[in-house]
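Here is a small set of exercises to work through at your own pace. Keep the picture open while you read, and try each task before you look at its solution.

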Amino acid sequence: MRPARNLARSRLKRFFTGLALVAIVSALALPAEPASAMMTDARSSATTSTAERSFFVPVAESPGSAKTIDLDVTLYTPAITPAPAVLLAHGFGQTKAALVPEAKKLQAAGYVVLAYTARGFGRSGGSIGLDSLDGEVPDARSLITVLANNSAVEKKAGDPLVGVVGGSYGGALALMVGATDPRVDTVVAAITWNNLANALVPPSAGTVVGSSESPLRDFKSGWVSRLFGAGITPTNPCGRFTPQFCALYTSLIAGKAPSAADLALLRNSSPSTVLAGSHAPTLLLQGLQDNLFGLDQADANERQLTKAGAPVQVEWFDGGHDGGGLTGTDSIILSWLADHLKVHKPVPASFSYAVPASATAFGRTITAARYPGLAGSSSERQVSLSGPAATIVNPPGGEPASVIGLPGFDAGSPAGSAITSLIGAANPSAERARFVSAPLTSSTLLAGAATVRLDVAPAVGTTAPTDALLYAQLSVTTGDATRVLPGGVAPIRVTIPPGGATVAVRLPATVWSFTAGDRLALTIRTSDSQFQGALTPAAYRVSLDGPISLPGIAAAAIDSSAGQPSVAVLVGIGVTLLVALILLAIALVLGRRGDRTVPTVDEIAPVAPPSDQGPPLQIRGLTKRFRSGFLAVDDVSFTVERGQVLGLLGENGAGKTTTLRMVAGLIHPDSGTASSFGAVISAGSPVLARLGCFIEGPGFLPHLSGRRNLELYWAATGRPRREALFDEVLTVADLGAAISKPVRGYSQGMRQRLAIAQAMLGMPDLLVLDEPTNGLDPPQITALRGVLRRYAESGRTVIVSSHLLGEVELTCSHVVVMSHGRVVASGPVGEIAGDSSELLFGVTDVATATVTLRDLGVDFADGREPGTLRVTPGSRSVDALVAALVEAGVGITGVQPGRHLEEAFLSLIGAKEPSA
Amino acid sequence: MNPKDTLIAGSATTGRVRRPSTMPFRVELARQLSQWRVRIVLIILVALPIIVRVALLIGGPPSSNTNATTLIDLAQVSGGTFAAFVIELTQGILITLIAALLFGDMIAGEASRSTLKYLLTIPVPRLRLLGVKVAVSSAILLAGIVALTVVALVVGVVSYGPGGIQIPGGPLLDLGDSIGRIALATATGASGLLWAAGLGTLLTVVVNSPLAAAGGVVLISILSRILDSITTLGNVRLFLPTHYATAFQQFLAAPTDLAPVTDSILSGLVWALVLGTAAALWFRRKDISG
């Protein structure tokens, strides 16, 4: 019928909908992949009226010149205007194309962005002037004028709100523009220099104690040649550099010391010359992994800005030219601009610095109350190093130069450290002296520039002062692995007297977290691949003079969120556990509710005898249609009373087994009820404890013995062992010694008997057997018949389903006949089968026999088969009937008791053929 | 008098049949442990560290490599590292397979042996049967995993000395710290099996063949790993059940990132909850034919 199928389908639909809801709700608790420091770009895709326009801006080639060059710019306009503006400057060797992601983020955050290609790069005209005050800086001022004239830019009393943001090459430009143009409201300068002379041709990191000479310099050939290479073109070996810079570089790379004019040229490209006039709030971001522009450059910038009275904030982050550039700084820059360009919040004095990840700890960020400079703020930690005085040599030409790192190469990553250690394995040991500390007893945080004293003397006796060039570098050994500390190598170039001198060395400022057990090592080398080095061969005797001082910075706050689980996930776990507990509680409550059996018995009588509880089985209107549409059981109703042995008859497919499965609670009926002893039966109803079932064959654990199977089965009921009545049940099974053998060796009949015995465990009040005689031989069938009879006589009830009609007739007291899912007859056996005194005569002449029998006055009727007659002798004896028939000349082929039940059955189910 | 009558008479006064606790935990445990299949699985888990030790013995010490970056190179350095190595070997296919075998057989195995209907007509309430079977399978699985870890530690310490875990490219941890880490790694690995337990429970009530149920769990595990390796799927991979399968390695390395560990626990709990609830709902309403 339609409703049943729709009901099943709607149940399935509800089930899956509920499932989907649970899945969706719980999936919301899972966080998305951790976002990088970049803010989400959800807003950028939603804007509809943003604009992007590329054009060229003509600027004067040099101050006062009428000749112009064109700068390639792109203007980004946000959705909401007027808005504050940001001038974006790119790094060396790049063009405005490298600024596109940053520009789009700023545009999405609601700023007008002007990204441009500096002169000498890309499609812009002119020559590279290294941010000179005569070239790039006036260019930037012209571009700010372009912004000022743009109506989309927010103005405050005619003054445009403009911020300048740049990294490296663009960072110095930002600082210089910010200092020379009063229209600039804030400056963000990342990984950039203060004094280009000191950055590219650094002065010696070591000074002879007691000497007051001006420091000698060494040339950072590694990095500078790489930068120069970014500017060369196929047609011009000087690239697009100005002739002055080309000449400067040529002389430096040839090994000449820089002249005063050279240094002046470099200083002209440095913020150091103009920062005294700066007023705009400035953010200085400097990377720890930076051998080109180290933390000392930002320190110099900070000092000059503070002296000029400009509010400045310094931040050290774990990145830089040798560690991924500017990645990770986007959110810092965006929040700075929000605080100091859109509004004008006061710049906090706090200073935060990143601690790089080490072998045993994650990276973290520490905030200090104020910026202390490179000497640290808390007391310095002295670590004593030990190592023999060593003689180290500088080979002729300075080659092979020791390789510690490569420009731009992140030596912190696993691949980077593997490669640098591979290359570094070839470093000649004669070029280095190593001084190692004992394993540190407690954890230490180095933040700033470490200082140490060395004794340096020429190895070969001389009479004149010598020019000593050495390179100092720190490294840390954790377990087996050695890691070079970020910050790079410090060049030491000093003039030492013939007897040697003590040199006070200031190593590059860096940050590192040492754990207990780490060993700190100071290595002094005579050459370094990233520096120019000395060409003349030399040998020095180097030894330590005292411990190394490690400055630290007192921490006000530590943000160690890396490596910690996110709060959302922890909340999600809590919620899920809570939901699971609630579901468990619901399941338990539902289970308890099913425990109620007869709710009103105690209202009728305080103690009611069991017989008042209802018949052992009462089925009303039971219906089941399978999913295939087949109607297996159609409105079946019957009742079984105590003490009855009920036979359930029907052909194959009549619905007997399905009905019995519903009685056992294995199948849910579509409609109707089955109740036992007054309690409705459903899956797991407690009243099923009073039923013993044997349905559709035996089921045992094949590897266990028959006895063990029964024992485990009874143990599963949870009832005490003495209630099982094992001995009686095993007598029924009649297996003998085989009871202790594994079930997999049993024959079908043995399994059948054991299963029936299992059904009888505990002597249940209602025994339900589905085809119990399958596979049993006749003596066993007879024995079973006796067992069932006695079972019923003891006051219990038995239901047997079978299609062995003879058996049913002998065993059962009542019968229910089913066909095609319906009950076609029910009642006592005699009623269904007919009079048991009937006889079936096989005769040769039916007509004559009929006449004779009629004369005798006995009841008779035609038999099913031709040539047979059914006769009820009544008061006549059988032999008298036979004699009369023979006398009448009728041949008798056979006399047998009428197989009444079979005939009744066949007529009831309407079979056309005789049953097999 | 029939003892049952006493029971019923007693119930008549209260209106409630006090049902005894059917299918106790120990009975189901006895039934499961009586199967050779389960015994062999437990024996394999316990014997595996010994097998690995013998294999390393036959293979000889590793070639001296100063840049040992993987646990296989370091496995023979100390007892703790050996145990960590064994755990790394077994997490993944082996214990997923064992979980699939144990959980896939629960109901489907009974159905295929025709014993399910007899258990249900005792009557054991459906949810109770499912619950006890899940509890027993979980207990056996956890016992096996813990035994594996304990035996690995013992074999390691006996063979290679009482040192802790050697971090590749890092320090040698001490034994007490390492034992704690190994225990946490084992627990995290077990949480990575929650989804397999849930899926096994669902499949065991839906299909009638224990092989199909166990095979289904293994197939889904492999499919999930395949999809997980397609990195262009991006954040979709977070929903794959085996995405956090390597979270246990956090405890065997330094520094320890707890984020993947908690993600793994949450993912496992959610999958187990969803699949387990589906299994319970399905089993409650199912028509039993086995």
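Before we start, a convention for the exercises on charge: Lys and Arg count as positive and Asp and Glu as negative, while His and the chain ends are not counted. The place of a charge is taken as NZ of Lys, CZ of Arg, CG of Asp or CD of Glu. Please also keep in mind that this is a predicted model.

**Exercise 1. Charges**

Task: Find how far apart the mean positions of the positive and negative charges of chain B are.

Solution: Step one is to count, which gives 20 positive and 12 negative charges in chain B. Step two is to take the mean position of each set; these two points are 16 Å apart. Now try chain A, where there are 71 positive and 73 negative side chains. The centres of those two sets lie 4 Å apart.

**Exercise 2. Helices and strands**

Task: State how many helices and strands there are in chain B, and then do so for chain A.

Solution: Begin with chain B, which has 13 helices and zero strands. Reading along its sequence, you meet α at every place in the pattern. Then turn to chain A, with its 23 helices and 42 strands.

**Exercise 3. Overall form**

Task: Compare the radius of gyration of chain A with that of a compact globule of 916 residues.

Solution: Start from the globule, which would have a radius of gyration near 29 Å. Chain A, in contrast, has 51 Å. Next, look along the principal axes: the C-alpha trace of chain A spans about 160 × 70 × 65 Å. For chain B, the C-alpha atoms fill a box of roughly 80 × 45 × 35 Å.

**Exercise 4. Inside and surface**

Task: Give the share of buried residues in each chain.

Solution: A residue is called buried under 20% relative accessible area. By that cut-off, 50% of the 916 residues in chain A are buried. In chain B, the share is 53% of 290 residues. As for the surface, carbon and sulfur atoms hold 57% of about 39200 Å² in chain A, and 71% of about 11600 Å² in chain B.

**Exercise 5. A sheet**

Task: Work out which strands are the edges of the open sheet β30-β29-β32-β33 in chain A.

Solution: First, note that the four strands pair in the antiparallel sense. An edge strand pairs on one side only, and here that holds for β30 (631-640) and β33 (679-680) of chain A. Finally, zoom in on β29 (residues 617-625), which is joined to β30(A) by six bridges. There you can find L622(A) opposite V636(A) in β30(A).

Terms used:
Residues are numbered from 1 along each chain as its sequence is written. Chains are lettered from A and ligands numbered from 1 in the order in which they are written. Side-chain values use heavy atoms; hydrogens and water are left out. Helices (H or I, at least four residues) and strands (E, at least two) are DSSP runs, numbered from the N terminus. The radius of gyration is taken over C-alpha atoms; the globule rule is 2.2 Å times the number of residues to the power 0.38. Buried means under 20% relative accessible area, exposed over 50%, partly exposed in between (1.4 Å probe, protein chains only). Accessible areas come from the Shrake-Rupley method with a 1.4 Å probe; for residues, only the protein chains shown count as cover. Two strands pair if DSSP finds at least two bridges between them.
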